[in-house]
Amino acid sequence: MAGASSQVFFEGTEKLLEVWFSSDSESPDLRDVKQEEWEKLLRIVRCEIISKTSNADMDAYVLSESSMFVTKSRFILKTCGRTTLLLAVEPLIQLVKEQCGFSKVLDVFYSRKKFAKPEQQHSIHQSFDEEVSHLDKLFKRIYSVPDWYDGAAYTLGRINKDCWHLYTMDAVGVMEPDQTVELLMWEMCPDTMQIFTKKVCKDGPEATKKSGICDIIPGAQIDDFLFDPCGYSMNGLLPGGYYITIHVTPEPHCSYVSFESNVPQENYMELMEKVLNTFKPSKFLMTVFANKESIAKDNHKQLENKELVPGYTRADHQFCTFKNYNLTYSHFTRPII
């Protein structure tokens, strides 16, 4: 994004960080952090704020490289390209301690798909092993209680092909209902990707309407942006602290689209079909992540059918349980005719 050129490779695959904070003090709120402080933090990551939208439960930021979401006690940062997301974790913890009074990280989730060109990343992001080592050392040093903190790292999918990485705390942290569904798509339909260029659409709202993104989850408060000459980002807010976010890298040689939402649903099949019909990828992976308090906790049962998605073949499917969460990973490809 950020005005990527059709002649240059752009890593659409995002790094996704979600941190939950807790405190013994009364009613701290991450939204009390001023925007200029977030801007300083994002300079470490190598991205900047383009726009902001808010409702009663959440502040959402469209960034030059993806998105950021802030609620009372949860921080989400999703960045693509060559951003240096993990370098901002320690400054983030210090910032919210000083500005809001949060004294402890309640839980952390860091995830990403395998990069197309990891050698182009900053050294800290060139391998998942390096990312895990950095986070382990960071949290043990910050809290100085090695027995209290223990990181847990997972890889789902084929390590010699496309796969998905996750890092989290080993101990149970989040006890309120929590769920996230992601569809990460690549080798996209060229005609669809043309919508997300300045040749076809003049701005974000036109691309949102012409692509059908506005119909995926109706009623969302949408903030969208079309980059020049191509690339697209959107955040959508819903009451209750729920969001959707979509990012598009449309260049034919590195096309990629991500869809993410924490909207709770017992069955995500209809939502998945809407997303796939909108973007028409040749390949995609889907993750559904839900704790035992969420209505989505049994969603894995609907995903067991290997003929689940018409027109696609399921290459991989894994289900695992850890802490108080269920996680389902599925990888699909469209057969070559």
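## A tour of the predicted model

Begin by selecting Glu 37 and Lys 40, whose side chains meet in a salt bridge with an N to O distance of 3.6 Å; the term salt bridge stands here for a side-chain nitrogen of Lys or Arg within 4 Å of a carboxyl oxygen of Asp or Glu. What you have open is a predicted model, in which local features need pLDDT of at least 70 and side-chain atom pairs count only at pLDDT 80 or more, while totals for chains, interfaces and linings use all residues. Residues are numbered from 1 along each chain as its sequence is written, and side-chain values use heavy atoms, with hydrogens and water left out.

**Helix 1 and its partner**

Stay with this pair and display helix 1, residues 35–45: Glu 37 and Lys 40 are separated by about one helical turn because they are 3 residues apart in that helix. Helices (H or I, at least four residues) and strands (E, at least two) are DSSP runs, numbered from the N terminus. Lys 40 is partly exposed, with a relative accessible area of 44%; buried means under 20% relative accessible area, exposed over 50%, and partly exposed in between, with a 1.4 Å probe and protein chains only.

Next add helix 2, residues 89–100, which packs against helix 1 at an angle of about 165°, the two axes being 11 Å apart. Axes are lines fitted to C-alpha atoms, for helices over the stretch in contact, and angles run from 0 to 180 degrees between N-to-C directions. That angle makes helix 1 roughly antiparallel to helix 2, a label used for angles over 145 degrees, whereas those under 35 count as roughly parallel, 65 to 115 as roughly perpendicular and the rest as oblique. To see what makes the contact, select Glu 37, Trp 38, Leu 41 and Ile 44 of helix 1 together with Pro 91, Leu 92, Leu 95, Val 96 and Gln 99 of helix 2, contact meaning heavy atoms within 4.5 Å.

**Buried charges around strand 5**

A search of the whole structure finds 13 salt bridges, and the next stops take in further examples. Select Asp 178 and Arg 74, which form a salt bridge with their closest N and O atoms 3.8 Å apart. This pair links distant parts of the chain, with Asp 178 in the loop between strand 8 (163–169) and strand 9 (179–186) and Arg 74 in strand 5 (residues 74–79), 104 residues apart. Asp 178 is buried, at a relative accessible area of 2%, and Arg 74 is buried as well, at 7%.

Move along strand 5 to Lys 78, and select Glu 260 with it: the two form a salt bridge in which the closest N and O atoms are 2.8 Å apart. Here again distant parts of the chain are linked, since Lys 78 lies in strand 5 and Glu 260 in strand 13 (residues 256–261), 182 residues apart. Lys 78 counts as buried at 1% relative accessibility, and Glu 260 is buried with a relative accessible area of 1%. Now add Glu 182, and you have a network of salt bridges linking Lys 78, Glu 182 and Glu 260.

**An annotated serine**

Select Ser 66, which UniProt lists in an unreviewed entry for "modified residue: Pyruvic acid (Ser)"; UniProt positions are given in the numbering used here, feature names are shortened, and annotations may be inferred rather than shown by experiment. In the model Ser 66 is in strand 4, residues 66–70, and is buried, with a relative accessible area of 0%.

**Backbone details in three loops**

Turn to the loop between strand 10 (221–226) and strand 11 (232–238), where Pro 229 is found; a cis peptide bond joins Asp 228 and Pro 229, with omega about 10°.

Then select Lys 280, in the loop between helix 6 (269–279) and strand 14 (283–291), which has a positive phi of about 55° although it is not a glycine. Lys 280 counts as partly exposed, at 41% relative accessibility. Lys 323, in the loop between strand 15 (313–322) and strand 16 (325–333), has a positive phi of about 50°, although this residue is not a glycine either; at 19% relative accessibility, Lys 323 counts as buried.

**Last stop: Val 8**

Finally, select Val 8, in the segment before strand 1 (15–22), which is partly exposed, with a relative accessible area of 46%. Which residues is Val 8 in contact with, leaving aside its neighbours within four places in sequence? They are His 253 and Cys 254. By contrast, if you draw a distance from Val 8 to Gly 311, 303 residues apart along the chain, their C-alpha atoms are separated by 31 Å.
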